Amino acid sequence: MPFFLKQLILIATLGLCFASYNSKAKQNEEANNNNASKALALHEPIKKDKILVFSKTNGWRHQSIPDGIVALKKMASENNWDITTTEDSLFFNEKQLNDFKLIVFLNTSGNILDETGEKAFEKYINQGGGYVGLHAASDTEFNWPFYEQMVGAQFKSHPKQQLATVKVNPECYHPAIGNYKDTFQKFDEWYNFRKPVASHVNVILELDETSYKGEKMGMQHPISWYLHYEGGRVFYTGMGHTKETYQDNDFLEHLKQGMLWAMKKTNVQIPKKGENLLDSKLSKWDVWMGGVHTSVDIDFEKSDDVRTSKPLGLNNDPKNVFSVIQENGEDILYITGEIYGGLTTKNEYSNYHFKTQFKWGEKKWEPRLKDKRDSGILYHAKGPHGAFWNVWMACLEFQVQEGDCGDFIALGDVYGDVPADRKLNANGKPYFVYNPKGKLTPLKWAKGFESGQASKSELHENPNGEWNTLEIYCLGDESIHLVNGKVVNRVKNARYDIGGKTIPVTRGKIQIQSEAAEVYYKNIQIKPISKFPAGLNKK
């Protein structure tokens, strides 16, 4: 081989080795940088959840407040919480409240917030904030309707402090009662309330009025409860009067679990065997009634445009639009449709299979006398009631309408993406039809979106008067619609625009609509799932 060729080969070989060395050096440098970043990350302080403990009093002042603060600070150190204690009502402004994951009212009393503070607190709850009230928190803000509805009851009187028997609600799965037996003994100051505890709360503990002496309510006597209220999570316990209570390990566990739930660290789980959501008293539901049309015979403010008129509100159903009737020995949800409204679960749900049967009645009402019969199952419902047309919550809708069962509609600021084909109607406007192989399309009724709706892939609805089976599978932020056993729609990447942010949606309440048509539902069931059934992902 000529000498110059040997030289060229040697140079090339050295070049390759040098390049390889540089490549490996660069890889090692990147690996070292990554390891350094990981090491730094490991040493970065974990961001603590911030909790505001408010103990201002303008009425009776409990001597146990300092003991409660000591107990909460100890709990905070054990759970890596950043706790702020104050009696300064100026904390209640939008900017400062946004920093807190949870607000605790520790034996507050009387009127403690001005109008600015009240509005800031309401917005905090509407945007998903958490609240825990202890004992005299129900002896607080008697002239603030939002607070009265949120806390669930208001103090009236109490007998002398004494031992009483407390009963655990056997049908409740809240973690705040996980450490209690079916009944237990507790010494405390037991409150009577001005009215029966609000029907929209979920009772977890109840007093046995036969177990103590003195003034009583003379009816069911809840003493601890929780609720999802107007977008936020609310937990109240009537215990907490005595100093000794804040050294009681069972009570402190009860309180801690209530706080964790209100902070969205834990959830109330669906029983493994599933849950029947329909009973004769609609005990697992609330009713929100919207505006009243001028054609309705009722003494209330009326309008031809029920989408903008004053709503009847929470659990105010004077025309008995939602009721349970018996048919062949079965409980049937009967919806007259006469007033727009929503039957709303008291609990939120995630990762579930929802299944029900429905059929149409004959009656229709204004303002839809000439339109298709319409209802709807709203799921992942978020925020306050009445966000959409003053009636329904922001949510994803499984449309229940003549010829359109299974359509997807985004209501308000909850929306998602659907694999769909884009088509044009006779007027040249785009609409979308579900196709499992179609383009993933964001759908919301808002600027920047072409539509907030995706039609079902095929019609599988039975003729009017016959029962149909409707199913929704929800797993994470994805959901699947089925009509009579056939997949007809799918929603992915469910999300919620709130407080200037867009957050994933994986859980929420379920609503069943009243929308100017007579309709019946039965066998309303929900079961937990950890994966979609085999085969559904391909449809």
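**Helix packing and the nine-stranded sheet**

In this predicted model, helix α2 packs against helix α6 (residues 249-262) at an angle of about 60°, the two axes being 12 Å apart. Axes here are lines fitted to C-alpha atoms, for helices over the stretch in contact, and angles run from 0 to 180 degrees between N-to-C directions. The two helices are therefore oblique to each other (under 35 degrees counts as roughly parallel, over 145 as roughly antiparallel, 65 to 115 as roughly perpendicular, and the rest as oblique). On the α2 side the contact (heavy atoms within 4.5 Å) involves A71, L72, M75 and N79, and on the α6 side L252, L255, K256 and M259.

Turning to the sheet, nine strands form an open arrangement with mixed pairing, in the order β2-β1-β3-β4-β11-β10-β9-β6-β7. Strands (E, at least two residues) and helices (H or I, at least four) are DSSP runs numbered from the N terminus, and two strands pair if DSSP finds at least two bridges between them. At the edges, β2 (81-86) and β7 (183-188) each pair on one side only. Within the sheet, β4 (residues 130-134) pairs with β11 (residues 232-237) in the parallel sense over five bridges, and Y131 stands opposite V234 in β11.

Helix α2 (residues 65-79) also meets this sheet: α2 lies across β1 (49-54), β2 and β3 (102-106), and runs at about 160° to β2.

Residues are numbered from 1 along each chain as its sequence is written, and side-chain values use heavy atoms, with hydrogens and water left out. Local features need pLDDT of at least 70 and side-chain atom pairs count only at pLDDT 80 or more, while totals for chains, interfaces and linings use all residues.
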